[in-house]
Structure formats: structure tokens, C-alpha cells
Amino acid sequence: MAAETSSVSPAPRFSLIRQLRESPHAQGLALISPTLIYLLFTLVLPLLLVVVLSFMTRGPYGNIIYRVNLGNYTRLMDTLYLRILGYSLLTAALTTVGTILIGYPLAYYIARTPPRQRSVYLFLILVPFWTNFIIRIYAWIMILRTEGLLNSFLLKIGFIQAPLDILYTPTAVLIGMVYEFLPFMVLPLYTSLEKIEPAQLEAAADLGARPFMAFLRVTLPLSLPGMIAGSILVFIPAMGMFVVPDLMGGAKTILVGNLIRNQFLTARDWPFGAAASMLLLILTLIFTLFYTRRAGFGEELLV
Amino acid sequence: MKTFRIAAVFVVFAMLIAACGGGQKPAVKSTELNLYAWSEYIPQAMLDNFTAETGIKVNYDTYSSNEELQAKLQAGASGYDVIVPSDYMITILKKQNLLEKLDLSQIPNIKNIDERFRNLEYDPGNEYTVPYQWGTSCLVVDTSKVSRPITKWADLWDPEFAGKVVLLDDVREVLGMVLAVLGYDKNSTDPAQLEEAKAKLSELMANVKLFDSDNPKQALLAGEVWLGQTWNGEASIAHSENEAIQYIFPEEGCTIWFDNLAIPKGAPHIDAALTFINYVLDAKNSILITKEFPYSNPNKAALELLKTEDPALYEAYMSFPATNPSDEDLKRTAPIKDIGEATALWDRIWTEVKGGE
């Protein structure tokens with residue numbers, strides 16, 4: 001009897017160590033456990049909290065009343081909030097298009113320069129992002145304002161007669177957003193474009209394609225994964241942006257990011273804010289799934 | 001595999017418990033103080049002096065609205081020792097039992113505070129708070145751009161000011177102002193009145209260049225806007241840079257507010273907090289506040305001292321209505337009050353107007 005217990009009881013303790021020693025699966029899990037624990041505390045638990053919160057009710061002093069209901073979600077289906085969502089989608093889409101229009105030629109150019117210059121150019125794209133975001137936005141305010149750099153320059157060369165009213169309009173918001181997200185488009189595009197072998201373009205020329213045709217039929221399709229990766233990296237954060245509309249748009253329009261922020265910080269309606277964030281999260285998830293299903297996650301996303 | 005998972009869960013829980021249980025109060029004197037206050041509001045020089053004199057290190061965190069402060073405190077133990085809530089927020093925080101009572105015997109410098117600002121409605125007997133600064137949010141006009149005299153909020157609707165108006169990005173200030181223009185109470189919770197105010201505010205949107213609560217003087221000094229609504233401290237700074245910028249108490253009335261030092265429930269360094277509050281109320285320390293952030297100072301002793309120490313600044317402070325409003329001006333002011341459940345309706349109107357409805 002005694003011999004039996006002693007042979008059994010240490011087993012579980014040893015089995016853990018043995019498992020760790022023998023099973024590659026357990027080793028893998030042990031090695032990534034710091035990351036898993038980190039994600040559990042900083043991603044999973046807060047997200048669960050938001051999910052739970054979105055089914056609660058606001059109390060009279062902005063406290064949370066723990067009574068489960070769907071009221072926040074039905075409230076979101078109101079045309080007012082759907083229109084804000086639509087407007088945010090439009091702004092994010094225009095931002096994405098803007099970054100493609102400006103980013104594509106830039107990435108193309110960088111990919112075609114000699115390798116040593118490339119790293120300098122890529123470095124230059126990243127340099128502004130070492131400065132605080134708010135400071136860069138204020139710099140744009142200085143440039144765009146009525147008596148600002150842009151207007152005084154255009155007036156001086158006689159290009160315009162009266163100053164342009166750009167600051168505190170939707171145009172200013174778009175300029176700020178495109179500026180802010182440009183690197184997220186350029187870098188994946190560059191990765192895609194850089195991989196295209198010159199031989200492929202030579203082959204196209206040999207087969208009689210003019211340079212423009214070769215670009216359309218060879219370069220463009222081959223750079224599509226980069227463009228899709230860039231679009232995801234730009235579109236999703238652009239959907240939730242609220243600083244640029246506040247500072248450069250004069251806080252006159254509400255995007256879904258502003259709506260959520262206001263619920264938490266001014267209306268003190270956390271449950272409704274949580275529901276709105278859930279809606280945003282679900283929409284972006286659908287968008288990402290749709291895109292990655294069609295194009296697959298390329299390594300471009302990993303730059 | 002399963003044992004491993006269970007073990008992992010245990011480790012996590014053990015860490016969690018360890019993390020939560022560590023907050024035992026030390027009996028020794030605190031050497032640290034966690035201050036949570038408005039941005040651009042507490043002079044760094046004063047904090048440095050405090051650390052030099054008492055050895056207590058100050059960690060200064062900032063917020064930009066009362067609601068942000070409330071959100072942080074409501075979320076549970078914030079670890080802050082001193083906060084600076086405004087009047088109506090004090091009412092709410094008291095109701096939510098989020099404030100610690102003050103031991104006034106440890107704050108003898110409260111005698112420096114002008115009696116007009118002690119024992120106010122939101123905190124009878126200064127049980128929970130002592131005044132830090134006070135001020136108003138009224139009408140500001142760049143008289144170099146606007147030649148005709150402006151006396152009331154209703155002037156903002158004038159078509160000649162299309163795209164020339166700045167308003168605070170604050171629903172309570174803006175919608176409250178519109179309600180006052182319509183002749184209603186600015187803390188109204190009546191849906192019909194609010195609906196009317198919404199329509200009136202929508203008309204004003206064509207004139208509004210921007211909403212800005214953090215730095216409204218910026219657009220004014222740049223000539224981007226000509227007139228609008230701003231905090232008195234912002235107006236004082238703008239006036240000192242451009243004399244043409246004037247501060248007006250409009251006929252319909254505007255907001256008066258009082259910011260106060262308080263200690264949140266469960267503050268880890270209450271002794272240091274009381275030392276700090278008493279330090280801030282000292283006349284020579286309080287002067288630093290007025291020098292850097294020219295709102296109105298409730299500290300009578302500090303203003304007396306300023307008269308001898310910096311006569312020019314004292315003169316500027318006393319002669320400008322934004323910092324030193326007359327009794328006549330003050331009659332036109334009223335505080336913002338908590339509107340409870342109606343907050344949701346106010347927020348909806350704000351969203352609707354900005355959403356372009």
C-alpha cells in the first residue's frame with residue numbers, strides 16, 4: 001500500500017516537467033506564455049469588459065447600472081448614428097484612396113532607385129513620425145490657416161486673389177488624415193514593388209507591351225497585395241480617428257471615433273460608448289476578413 | 001496538457017491577487033503625491049518648490065474635462081491624492097461618495113481665502129474642498145476686427161460674422177448659452193426648450209469656424225476668428241498679447257465656475273495631500289498661479305502680496321474684467337448644474353447638430 005502511494009503521488013508533479021521536456025507543444029506554450037498573459041490582461045479582459053458594459057444602462061450620475069438589456073444597440077440603429085457611421089466610412093475610404101494616389105508613385109520611385117538610396121528614402125519617410133503627432137497637426141494648422149504659409153505663398157505668386165478657406169473644413173480633415181497615414185501605405189507598397197523582377201517587365205516588352213501596358217498588366221497586379229495590406233493598415237485606424245477632425249476640422253463634424261470618445265468623456269454614458277465601439281470593432285473585423293479572404297495576408301502586413 | 005493549463009491559470013490568479021493586495025497604507029510620512037488636475041493649470045515652479053521644501057515628490061497627471069476626472073475616479077482606485085474638480089462635479093462626486101473629508105485643522109491657510117469663496121452652495125462648510133481658482137466663460141471680441149460694440153450673445157448670429165466665431169467644444173457651455181439667448185434656464189431639462197435651442201444652435205453653425213476648449217485663444221490671436229466664447233484665463237492671456245481683444249459679460253448672462261482642491265476617496269497619501277493643499281493656499285505660492293495661469297484667484301492674501309511684489313501684474317489683473325469682474329458683471333453669471341438623466345438628451349442634441357441634422 002505504502003509503496004503504491006509513493007509511486008503514484010509524485011507522478012502529477014513530474015508529469016508537468018516531463019511534458020515540458022518532451023512535448024514540443026507544451027514547450028511552445030511555455031515560451032509564448034508571457035505574451036499570452038500580456039494579451040490576456042491588455043486585450044482579452046478589457047475587451048470582455050467592453051462587451052459586458054455594452055449591455056448595461058447608464059445611471060443618473062453617469063454610473064453604470066447592471067441591468068442587462070439591448071437598449072444601447074437598438075439606439076445605435078437610429079438614422080443619426082448610422083449617418084455618422086456612413087460619414088466615417090466615407091472619410092476613411094477617401095483617406096485610403098488619397099494615400100494610394102500619393103503613396104503609389106512615391107513607393108514606385110523608391111523601389112526603382114539604387115538600393116543604397118532606398119534606405120535613405122525609407123528613413124526619410126519615417127523621420128517625421130519621431131515628432132509628436134499633435135505637434136505635427138499644429139504645424140499643418142499654421143500652414144493652412146487663412147493668414148498661413150500656404151495662403152500667403154499663393155497670394156504672393158498671384159495664383160489666387162483671396163485667401164483659401166481650407167482650415168476647419170472637411171478638406172483640412174482629409175489632408176491631415178492622408179498625411180498621418182501615408183507611411184502605412186507606402187511601406188507595404190514598397191515591399192510589393194521592390195520584389196518585382198525587372199526581367200518580368202523586360203519579358204513584357206519583348207512580347208510587345210508598351211511601358212504603360214506593362215505597368216497595367218504586370219506591375220499593378222503584382223503590387224496588389226501591398227496595396228491591400230496598406231489599405232487595411234490605413235482604413236481601420238482612420239475609422240476610429242478623432243484627433244484630426246477635432247483639431248483640423250474645428251470639431252464641427254462627428255465621426256464615430258468622436259462619438260465614442262464623447263460618450264466616455266462628456267456624456268458619461270459608458271454603456272452606449274461601449275456599444276458603439278463594439279459596432280466599430282465588428283465592422284472593421286468584417287472589412288478585414290473580406291479583404292484577407294480575397295487577397296490573403298501577405299508578408300506585406302508584417303513590415 | 002490539461003495540467004499545464006490549470007497550472008497557468010493558477011499562476012495568473014496568484015499574480016492577480018498579489019497585484020491587488022499590495023496597497024497597505026504606510027504609517028510613516030509619505031514621500032510622494034499623485035496630483036490629477038486640469039492641463040495648463042498648476043505651475044511647474046510651484047511643484048518644484050514644494051518638492052524642494054517638503055521632500056515630497058509630485059506626479060502631475062492631467063485631464064481636460066470634469067467628466068474625464070469623474071470617469072477615472074468611478075473606474076475604481078485611481079491612486080490619486082489631490083484632484084481639482086469644479087462646482088457641479090463636486091455635487092456629483094459627493095453623491096457618489098468619491099471624496100474624502102478634509103481635516104481643516106491641517107489646512108490653516110484656508111484663512112487666506114476670500115470669504116466670498118468659502119462655504120459655497122456645492123460644499124457647505126468646506127467639508128470636502130477648498131477653492132483653487134475661479135472664473136467665467138463669457139464673450140470675447142477682437143475689437144480690431146469688429147468695429148460695432150458687442151453686448152450680447154445674440155450678436156453671434158449676425159450674418160456678418162459668417163465663419164468668424166469660436167465656441168468652446170463643450171455641450172454644457174454652448175447649448176447653455178443658446179438656452180440663455182432664448183430666455184430659458186441654462187440648466188434646462190425641458191425637452192421642448194431643448195428642441196428649440198437645438199434649432200437655434202443649428203442656425204449658428206454657419207457662423208462657427210471652430211469649437212475649441214483646449215486653446216480657443218489660438219484661433220483668435222491668429223485672426224482666424226473675430227469673436228466667440230472662451231474661458232477668462234484664455235482671454236487674459238490673449239489680451240496681454242493683443243490689447244484689442246476684449247472680454248464682455250453679455251446681457252443674457254454667462255457661466256461662472258469654481259475649481260477646488262479635493263482628496264479622492266482611498267487616496268494613498270492623505271498626509272501629503274493635506275500638506276500640499278495647505279502649501280497651495282499660502283500667499284507667496286498662490287502668486288505663482290496667477291503669474292502663469294491668469295484666471296481669477298480666490299486667495300485674498302495672495303492678491304495683497306502681489307500688489308507689493310509685482311505692481312504691474314497686479315494692475316493688469318485688477319483692471320481687466322476677465323480676471324477681476326465687477327459686482328455688476330458677476331450679477332450676470334450663473335453656475336452650471338448637474339442635469340442628471342437629461343445629459344443623454346443634451347448629448348444627443350450636440351451629436352445631431354454636429355452630425356449636420
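Helices, of at least four residues, and strands, of at least two, are DSSP runs numbered from the N terminus. In these terms the predicted model of chains A and B is described below, with attention to the contact between the chains, to the salt bridges, and to selected residues of chain B.

The predictor assigns the complex an ipTM of 0.79 and a pTM of 0.83. For chain B the average pLDDT is 90, and 92% of the residues score at least 70. A stretch of low confidence is found at residues 16-26 of chain B, where pLDDT stays under 50. For this stretch the model has three contacts beyond four places in sequence.

The interface was examined next. The size of an interface is often given as the accessible area lost when the parts come together. Between them, chain B and chain A bury about 3900 Å², of which 55% is on carbon and sulfur atoms. The contact draws 41 residues from chain B and 45 residues from chain A. Eleven residue pairs are found in polar contact across the interface, both members being at pLDDT 80 or more. Several elements of chain B give two or more residues to the side that touches chain A, namely helix H1 (2-20), helix H3 (66-74), helix H4 (87-95), strand E7 (208-211), helix H7 (216-221) and helix H14 (343-354). The largest share comes from H14(B), with seven residues. By residue class, this side of chain B divides into 14 nonpolar, 13 polar and 14 charged residues.

Salt bridges occur both across the interface and within chain B. Over all chains the count comes to 21, and four salt bridges are counted between chain B and chain A. In one salt bridge between the chains, A:Asp78 is paired with B:Arg348, and the closest N and O atoms lie 3.1 Å apart.

Within chain B, a salt bridge joins the side chains of B:Lys198 and B:Glu195, with an N to O distance of 3.5 Å. Both residues belong to helix H6 (residues 191-204) of chain B, and because they are three residues apart there, about one helical turn separates them. The two partners differ in accessibility class: B:Lys198 has a relative accessible area of 12% and is buried, whereas B:Glu195, with 44%, is partly exposed.

A second pair within chain B is formed by B:Lys217 and B:Glu234, whose closest N and O atoms are 3.2 Å apart. B:Lys217 lies in helix H7 and B:Glu234 in helix H8 (residues 232-241) of chain B, so this salt bridge ties together parts that are 17 residues apart in sequence. Since buried means under 20% relative accessible area, B:Lys217 is buried at 18%, and B:Glu234 is likewise buried at 8%.

The salt bridge between B:Lys331 and B:Glu328 has an N to O distance of 4.0 Å. Here B:Lys331 is exposed, with 67% relative accessibility, and B:Glu328 is exposed as well, with 55%. Some salt bridges share partners: A:Asp78, B:Glu195, B:Lys198, B:Arg348 and B:Glu352 are joined in this way into one network.

Two buried strand residues of chain B were also considered. B:Ala37 is placed in strand E1 (residues 32-38) of chain B and is buried, its relative accessible area being 0%. Apart from neighbours within four places in sequence, B:Ala37 contacts B:Ile42, B:Tyr60, B:Asp61, B:Thr62, B:Tyr63 and B:Val84. One of these residues, B:Tyr60, is 23 residues from B:Ala37 along the chain, and their C-alpha atoms are separated by 7.3 Å.

B:Thr230 is found in strand E8 (residues 227-231) of chain B and counts as buried at 3% relative accessibility. Beyond four places in sequence, B:Thr230 is in contact with B:Thr136, B:Ser137, B:Cys138, B:Val140, B:Leu168, B:Pro216, B:Ala235 and B:Tyr247.

Finally, positive phi values were noted in loops of chain B. B:Glu40, a residue other than glycine, has a positive phi near 55°. This residue lies in the loop between E1 and helix H2 (44-54) of chain B, and B:Glu40 is exposed, at 62% relative accessibility. For B:Asn119, also a residue other than glycine, phi is positive and near 55°. B:Asn119 is located in the loop between strand E4 (99-100) and strand E5 (129-142) of chain B.

Definitions and conventions:
Residues numbered from 1 in each chain as written. Chains lettered and ligands numbered in written order. Heavy atoms only, no water. pLDDT = per-residue confidence, 0-100. Contact = heavy atoms within 4.5 Å. Buried area = accessible area lost by both parts, 1.4 Å probe. Polar contact = N/O pair within 3.5 Å; in protein donor to acceptor, adjacent residues only side chain to side chain. Nonpolar A, V, L, I, M, F, W, Y, C, P; charged D, E, K, R; others polar. Buried < 20%, exposed > 50% of the residue type's maximum accessible area, 1.4 Å probe, protein only.
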